Amino acid sequence: MWVLLSFAFRKYLQDYFPGLHGAIADLFSTTIMLAIYWFTAKAFGGAMGDQFTSSGTSYFEFILIGELSLALPQILCLQLARTMRGALVEGYFDYLVLIPGRIPRPFFILSLGSIPYEIAKIIATALAAILLFGFQISWTGFFYFVALQALFFPIFLGIGALAAALFLFLGRGLGALGQATVVMEFLAGAYFPREVFPERLQEI
């Protein structure tokens, strides 16, 4: 299993970051994203100040915590289907199916190849926010965040399995699944407090 996980991680880096410039570009885009969040908070934070007074957080902290908290769940929802699509396109889907043991296991292991990079990216984003934008997090908040991610992992991995099954059944729809996750994040209040939504949207 560890050999397959190591292979999956190397393949993920090779596919998405063929050179050092790819990782640097990703880090740069992360910094730009933080700057956008920061200036958005400056522009609109005052208008929504009442939504954050009780919790003691700013809009920048709110949207950053939401982004970091949902990074892994978003990957888990889509990566298994992406792995299966890649196996079909590159022609090794049947080989993985023929590996002794439970059929989904090789696909699950390969889909986890992106997890180490995503965890490193979450840490890098948090450090950049702390160093450049004064983001603060307590040890209690940190352990709560880790516990929440541990809870999310099996739940969203299961949702990813359902999404992969839907993709295999229909033979398409990966793009629509990606858009659906964005809509769910929006309705869950990842980018704006749910209290500012119309009452009908708050009930969803």
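Ile 119 is found in helix H7, and that helix is a handy place to start looking around this predicted model. At 39% relative accessibility, Ile 119 falls between the limits of 20% and 50%, so the residue counts as partly exposed. Ile 119 also belongs to a nonpolar surface patch of about 1100 Å², together with Ile 123, Leu 127, Ile 130, Leu 131, Leu 132, Ile 137, Trp 139, Phe 142, Phe 143 and Val 146. Two elements, H7 and H8, give two or more residues each to the patch. H7 puts in the largest share, with 6 residues.

Stepping back, the fold is all about helices: the protein has 10 of them and 0 strands. Read along the sequence, the pattern is simply α-α-α-α-α-α-α-α-α-α. Of the 204 residues, 37% are buried. The accessible surface adds up to about 12700 Å², and carbon and sulfur atoms account for 70% of that. As for who touches whom, take the contacts between residues at least 6 apart in sequence: 75% of these join residues at least 24 apart.

Inside the protein, the largest nonpolar core runs to 40 residues, and the ones with the most contacts within it are Leu 34, Phe 60, Leu 64, Met 84 and Phe 107. Quite a few helices chip in, with at least two core residues each from H2 (20-44), H4 (59-90), H5 (93-98), H6 (104-111), H7 (115-133), H8 (139-170) and H9 (174-187). H4 gives the largest share of this core, 15 residues. Leu 34 shows what such a contact list looks like: leaving aside residues up to four places away in sequence, Leu 34 touches Phe 60, Leu 64, Thr 125, Ala 128, Ala 129 and Phe 133.

Thr 125 turns up again in another pairing, this time with Thr 31, a residue that lies in helix H2. The two threonines, Thr 31 and Thr 125, sit 94 residues apart in sequence, yet their C-alpha atoms are 7.7 Å apart in space. Thr 31 has a relative accessible area of 28%, which makes this residue partly exposed.

Next come the aromatic rings, which form 8 pairs in the structure. In one of them, the ring centres of Trp 38 and Phe 133 are 5.7 Å apart and the planes meet at 40°, so this pair is tilted. The pair bridges distant parts of the chain, since Trp 38 is in helix H2 and Phe 133 in helix H7, 95 residues apart. The two partners are not covered to an equal degree: Trp 38 is partly exposed, at 26% relative accessibility, whereas Phe 133 is buried, at 16%. Another pair, Phe 142 with Phe 143, is edge-to-face, with 5.5 Å from centre to centre and 65° between the planes. Phe 142 is partly exposed, with a relative accessible area of 37%, while Phe 143 counts as exposed at 53%. Both of these phenylalanines, Phe 142 and Phe 143, are also members of the nonpolar surface patch.

Ring pairs also link Trp 38, Phe 60 and Phe 133 into a cluster. Two of these names are familiar from the contact list of Leu 34, which touches both Phe 60 and Phe 133. Phe 60 is, in addition, among the residues with the most contacts inside the largest nonpolar core.

Technical notes
Residues are numbered from 1 along each chain as its sequence is written. This is a predicted model: local features need pLDDT of at least 70, side-chain atom pairs count only at pLDDT 80 or more; totals for chains, interfaces and linings use all residues. Side-chain values use heavy atoms; hydrogens and water are left out. A nonpolar core is a set of buried Ala, Val, Leu, Ile, Met, Phe, Trp, Tyr and Cys residues joined through side-chain atoms within 4.5 Å. Buried means under 20% relative accessible area, exposed over 50%, partly exposed in between (1.4 Å probe, protein chains only). Helices (H or I, at least four residues) and strands (E, at least two) are DSSP runs, numbered from the N terminus. Contact means heavy atoms within 4.5 Å. Patches are made of residues with over 30% relative accessible area and no salt bridge: like charges are joined within 9 Å, nonpolar side chains (Val, Leu, Ile, Met, Phe, Trp, Tyr) within 5 Å. Accessible areas come from the Shrake-Rupley method with a 1.4 Å probe; for residues, only the protein chains shown count as cover. A salt bridge is a side-chain nitrogen of Lys or Arg within 4 Å of a carboxyl oxygen of Asp or Glu. Rings of Phe, Tyr and Trp (its six-membered ring) pair if their centres lie within 6.5 Å; planes under 30 degrees apart count as stacked, over 60 as edge-to-face and the rest as tilted.
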